[in-house]
Amino acid sequence: MPRLPGERAAERGRRGGEQFLSGNARQPWNDLLVELAATLLMAYYERGDMLRARQFAAELLNAADALGTPRSIVAANWNASIIARVTGHTDEAVTFIERALAVQMEHGQPRNTARMRLQATRTRLRSGAQDPVNAREALRAAVTEFEQTSTSTIDQATLYLELACAEYMSHDLDSAAEHARASRSLLPSFGHVAGAEADLLLARIYGAVGRTEEGREIAAGVEGWLSPLPDTRRSASHWYATAETMEQLGDAGGAVDAYRRALACAGL
């Protein structure tokens with residue numbers, strides 16, 4: 001499949017970053033280089049190259065430890081935590097994000113501290129290290145913190161989505177549906193992973209309360225969020241989640257199509 005212009009630009013950026021960071025003329029590590037490398041690390045994640053992401057995360061953590069500066073420690077540990085979580089290394093993920101949060105709280109700005117606190121709660125919740133009820137209360141408190149620190153619309157959407165997940169897991173379904181819709185309303189109308197996640201959660205909620213047909217309709221609409229995205233292993237995981245949700249709701253045909261999309265994104 002031909003690459004879209006945005007995909008080609010992202011690939012050129014990744015290659016440029018690799019050449020700059022690995023070239024003979026590269027300067028010794030400093031805060032800016034660690035932050036650039038942390039961005040490159042997330043490019044590996046977006047592309048679905050998890051083996052290289054794991055290897056590069058270790059390099060980045062070593063560089064930050066050698067520097068010992070707050071900026072480098074926060075950047076390296078924050079993004080390394082994401083890689084550890086999505087590759088199933090949950091204990092590492094919690095350790096890295098808690099280290100980043102501790103340094104951020106001591107040295108960072110309130111806006112980024114609020115974002116980091118959200119990421120820490122998200123990591124603990126999704127790794128099973130925090131009870132959903134406790135996570136729910138922490139995320140509800142974070143809503144006020146986000147309002148006071150002028151976080152971005154995307155950050156707010158992420159917060160409402162994580163709150164909805166915690167409420168769903170703690171069987172507070174009405175609140176979960178409200179916050180899933182709030183998250184979705186803050187996002188672009190298509191081509192965004194968080195929008196797909198919000199709709200899938202909403203579809204499961206509707207299924208849990210017996211509104212199965214509405215749940216199927218919402219799950220079917222997830223294609224609009226995912227289809228504009230590049231075919232990567234990360235996209236494959238979202239198509240797989242879509243297929244599972246459709247299957248749970250009794251949409252066998254839709255599930256088969258979504259499973260096929262997942263396999264195609266994984267290159268199978």
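This report walks through a few helices and loops of a predicted model.

**Helix H7 and its surroundings**

Let's start with helix H7, which covers residues 132–149. With 18 residues at 1.5 Å a residue, H7 should span 26 Å, and its end C-alpha atoms lie 25 Å apart, so the two values agree. Which residues of H7 are buried? They are Pro132, Ala135, Arg136, Leu139, Ala142, Val143, Glu145, Phe146 and Thr149. An α-helix has 3.6 residues a turn, so residues three or four places apart point the same way. If you would like to see what covers the buried residues of H7, look at helix H6 (110–127) and helix H8 (153–169), which are among the covering elements.

**Two loop residues with positive phi**

Next come the loops on either side of H8. Most residues other than glycine have a negative phi. Ser150, in the loop between H7 and H8, has a positive phi of about 55° although it is not a glycine. His171 sits in the loop between H8 and H9, and its phi is also positive, near 65°, again in a residue other than glycine. Are these two residues buried or exposed? Ser150 is exposed, at 59% relative accessible area, and His171 is exposed too, at 70%.

| Residue | Loop | Phi | Relative accessible area |
|---|---|---|---|
| Ser150 | between H7 and H8 | about 55° | 59% |
| His171 | between H8 and H9 | near 65° | 70% |

**Ser175 in helix H9**

Moving on from His171, you reach helix H9, made of residues 173–185, where Ser175 is found. Its relative accessibility is 17%, so Ser175 counts as buried, the cut-off being under 20%. Which residues does Ser175 touch, once its neighbours within four places in sequence are left aside? The contacts are Arg140 and Glu167. Arg140 falls within the residue range of H7, and Glu167 within that of H8.

**The H13–H14 pair**

Finally, have a look at helix H13 (residues 233–248) and helix H14 (residues 252–265). Their axes come within 8 Å and cross at roughly 165°. That angle makes H13 roughly antiparallel to H14, because angles over 145 degrees count as such. The crossing of H13 past H14 is left-handed. On the H13 side, the contact is made by Arg233, Ser235, Ala236, Trp239, Tyr240, Thr242, Ala243, Glu244, Met246 and Glu247. H14 contributes Gly254, Ala255, Ala258, Tyr259, Arg261, Ala262 and Cys265. Sorted by class, this contact holds ten nonpolar, three polar and four charged residues.

Terms used: Residues are numbered from 1 along each chain as its sequence is written. This is a predicted model: local features need pLDDT of at least 70, side-chain atom pairs count only at pLDDT 80 or more; totals for chains, interfaces and linings use all residues. Side-chain values use heavy atoms; hydrogens and water are left out. Axes are lines fitted to C-alpha atoms, for helices over the stretch in contact, and angles run from 0 to 180 degrees between N-to-C directions. Helices (H or I, at least four residues) and strands (E, at least two) are DSSP runs, numbered from the N terminus. Angles under 35 degrees count as roughly parallel, over 145 as roughly antiparallel, 65 to 115 as roughly perpendicular and the rest as oblique. A crossing is left-handed if the near helix is turned anticlockwise from the far one by less than a right angle, and right-handed if clockwise. Contact means heavy atoms within 4.5 Å. Ala, Val, Leu, Ile, Met, Phe, Trp, Tyr, Cys and Pro count as nonpolar, Asp, Glu, Lys and Arg as charged, and the others, Gly among them, as polar. The expected span of a helix is 1.5 Å times one less than its number of residues. Buried means under 20% relative accessible area, exposed over 50%, partly exposed in between (1.4 Å probe, protein chains only).
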